[in-house]
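I opened the notebook for this chain and listed what to look up. The entries follow in the order I made them.

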Amino acid sequence: IIASTDDVQVRRPQARHWVECRTAYVRTAAGYRYLSGNAQAVLNQLYLLLVLCGAGLTAKLTLLGDGAGWIIRFFTGRLAAWSGAELILDWYHCRHKCYTLTCLICKGRKAKAQLLGALLIHLWRGRVDDAVALLEAYRPQAKDLQSLDQLINYQERRARRQYIGSGHTEKANDLLVARRQKHQGMHWSEATSDALAALRTLLLNGGWELYWQQHQVLPLAVPRGP
């Protein structure tokens, strides 16, 4: 079972105010299912769906995330005890974090390129301890020790995790919310944003006619295509 979850924000009518939506995606050998809604509702739905899919019994579960604290807390609090569960940090977000902080740590582009290149090699191969040692050795020449410590802590919090590339984390946000709600000049209330995301979720789950015309409950998973 592959699952992912993430947040996405859309604009409110008030300047610099945002509506926060949450999405999730689950794929099994039988099919897939999208989820959307407010923060706690999506996590409750996701947990229930994983239980119904058998993740807490014998199935292997991989949860993909971007390193956000709420995803880690959800995994450690509700999924980590399952024998086949693992949390994977999405490679895109790991790389982006390293790039941003090495810009602050290093003096010049050449120094940044050298440190970032060596750091990413260690992380891609899962050698978190080597990545931390590399950063510690760089301390005497770092121009921003606070950013260096932040990057070291970032690596240590993810020690013994697996690092891969994946688009799952962003895909549900794009399909359920961003494509419809994040155009120039658009503003949303929490109720209308949530309702529109729910309609998109119903459509992408293949349940539009099943729900509106046949008044039936959606199946647990949408079958895979040919």
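What does the accessible surface of the chain come to, and what share belongs to carbon and sulfur atoms? I get about 12400 Å² (Shrake-Rupley method, 1.4 Å probe), with 54% belonging to carbon and sulfur atoms.

I note the basis. This is a predicted model, where local features need pLDDT of at least 70 and side-chain atom pairs count only at pLDDT 80 or more, while totals for chains, interfaces and linings use all residues. Residues are numbered from 1 along each chain as its sequence is written, and side-chain values use heavy atoms, with hydrogens and water left out.

I looked up the overall build. The chain has nine helices (DSSP H or I, at least four residues) and seven strands (E, at least two). Its C-alpha trace spans about 70 × 50 × 35 Å along the principal axes. Of its 226 residues, 43% are buried (under 20% relative accessible area, 1.4 Å probe, protein chains only).

I turned to the cores. The largest nonpolar core (buried Ala, Val, Leu, Ile, Met, Phe, Trp, Tyr and Cys joined through side-chain atoms within 4.5 Å) has 23 residues. Cys98, Ile105 and Leu151 have the most contacts inside it. Helix 3 (91-105), helix 4 (109-124), helix 5 (128-137) and helix 6 (145-157) each give two or more residues to this core. Helix 4 gives the largest share, six residues.

I checked Leu151. Beyond neighbours within four places in sequence, Leu151 is in contact (heavy atoms within 4.5 Å) with residues including Cys98, Ile105 and Leu135. A second, separate core has 21 residues, among them Val42 and Phe75.

Methods. Buried means under 20% relative accessible area, exposed over 50%, partly exposed in between (1.4 Å probe, protein chains only).
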